[in-house]
Amino acid sequence: MSWPVIALIDFVTIISFENIFYPFQNQGLSVVISWIFLLFSYVIPYALISSQMSLTFDNQAGGLASWVKYSTNDTLGYWTSWMYWVQTVPYLVDVSNSVIVSFSWIILGNNSLDKKMSTFWFGILTFVIILIFILLENRLKNSLEILSLLGGGAMFIMSVLFVVMAAWAVIHGHHHIATQPFNWSSFKPSFSLNYFSTTGLLIFAMSGAELAAPYVSQMKNPKRDFPKAMWMLAIMTGFLTIFGTLALSMFFNAHTVQYDKKFKMNGPYEAFQLLGQSLGMGKSLMYIFAVVQALFMMAQLAVLLDASSRVFAGDVGDKFMPKWLTKKNKNGRPVHSYTLTVGLSLFLLLLTGTLPSIHSIYNWLLNINGIISPYKTCWVFVAFVAMRLQQEKFTSDYVFIKNKTGALIVGFWCLIFTFICATLGFIPQNVAIGTSEFNHQLWMNIITVIVLFGLGFLLPWLRKREAKKNGELDMDLNAE
């Protein structure tokens, strides 16, 4: 794989045009300051940390789980593997929801999906899409690269076009800026509880650079090219978040958008619809975006299922996971991990069935990702800090910050910041504190995290029983 392909594969899993909508709704124009701050203090260090770790452990199949295993111990490596795999489940459900929404705009041409479809059928279709992609994952060769190139490339082009065309429309008087007043005070962060509790969603939107690690061995010259891929990734992410948000403020009032409960689900399509109308192109831009979005979301499903399954059974499974769970088919894929994916997806869909509407389901799944995904990301920095504390034991073709103290400061900063944002994410968003809806979603957040992470305690116990049943010896499940 060439480095642009690696960057696009990662870009597909990290951020899309729609990912800038919910931070924009939660924080208004002040999110521009948040994006700029995170780009330089978090995203670039994160990407370059991932470069060093990927090239340090370039012969390990487990990706992030291998980083933690070899920089700390087997037990923490297992927990990383489990958390990394299980955090993809709510995202898979979320992405499958987005596929349905994109096709609804292609078919209906408007935001009336919640009026045409019940929450029950929304859940059934989501489940069917997940099943279809799990089956396709084992049958279509090269689907990962093809879908990533089509989806990632097209989405980035559409995002750039939106920014450029929006600026052109305003400059030439075809559209008036919707956000009023549009001045420096509008960009000032509020530093309220809502502001800090929604920052986890920004981390969720920007994290995932380590997903490229398993593909290092497939590069011709990883020493030279992998850091290039990470820089390209950071630049693409920074452009989309900062300039994309500014473009949104031209079509949606940043001061009032937080009151639109359907904005997160329908905003991207409405944005291209408004842009097309401003330029006298009708709904054509919206339809083009809807097709690109459908391709992009299907590419995300393919990448997530592939990369997460590699991590799940790549390097740390034998001592902690039952053998039936890590068993691979003739294509080298851990098929039973897909079975578990289906089961946990069904659990989440049953849980979301307690919510009153499609858009509330969509919003809650986004919010739960803002909790679970940052907790997983913490392991990237745990591994980096552990490796740099004992750096004399490791060699790498690339070193991020040669000074040990400086590297540790950056590593600890990223770790602490990520953990705090993930924990604050438990606070339900877009609902009033103290209401029954707030309490309902708070309990849903707690139950989901307990079930998804808590299952990780069950697997070593099942492996131990399996070992005793099969008469295996020397199964030290409390290794190190």
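Let's start with N367, which touches L201, K264 and Q429, leaving aside residues up to four places away in sequence. The model here is a predicted one, and N367 is a handy way into it, since this residue is found in helix 17. Helix 17 also supplies the largest share of the largest nonpolar core, and that core comes up below along with the cysteines and a polar contact made by Q27.

**N367 and helix 17**

- N367 counts as buried because its relative accessibility is 5%.
- The helix that holds N367 has 32 residues and runs 48 Å from its first C-alpha to its last.
- That span is close to the 46 Å expected at 1.5 Å a residue.
- Of the 32 residues in helix 17, 30 are buried, so the helix is largely enclosed by the rest of the structure.

**The largest nonpolar core**

- This core has 155 residues, and the members that touch the most other members are F17, Y42, F162 and L248.
- Helix 17, covering residues 358–389, gives the core 17 residues, the largest share.
- If you centre your view on F17, its contacts beyond four places in sequence are M155, S159, F162, L240, L248, P268, F272 and F289.
- Two of those partners, F162 and L248, are themselves listed with F17 among the residues touching the most other core members.

**Cysteines**

- A search of the whole structure turns up zero disulfides.
- C378 is in no disulfide, and the nearest cysteine sulfur belongs to C421, 9.4 Å away.
- Seen from the other side, the closest cysteine sulfur to that of C421 is in C378, and 9.4 Å is too far for a bond because a disulfide needs the sulfur atoms within 2.5 Å.
- C378 counts as buried because its relative accessibility is 6%.
- C421 is buried as well, with a relative accessible area of 5%.

**Q27 in helix 2**

- Q27 lies in helix 2, which covers residues 21–27.
- With a relative accessibility of 9%, Q27 counts as buried, because the cut-off is under 20%.
- The side chains of Q27 and S34 are joined by a polar contact of 3.0 Å.
- Setting aside residues up to four places away in sequence, Q27 touches S34, Y195, T198, T199 and L202.
- S34 therefore appears twice for Q27, as a partner in the polar contact and in the list of touching residues, where contact means heavy atoms within 4.5 Å.

Notes
Residues numbered from 1 in each chain as written. Predicted model: local features only at pLDDT ≥ 70, side-chain atom pairs only at ≥ 80, totals over all residues. Heavy atoms only, no water. Helix = DSSP H or I, 4+ residues; strand = E, 2+ residues; numbered from the N terminus. Buried < 20%, exposed > 50% of the residue type's maximum accessible area, 1.4 Å probe, protein only. Polar contact = N/O pair within 3.5 Å; in protein donor to acceptor, adjacent residues only side chain to side chain. Core = buried A, V, L, I, M, F, W, Y, C linked by side-chain atoms within 4.5 Å. Expected span 1.5 Å × (residues − 1).
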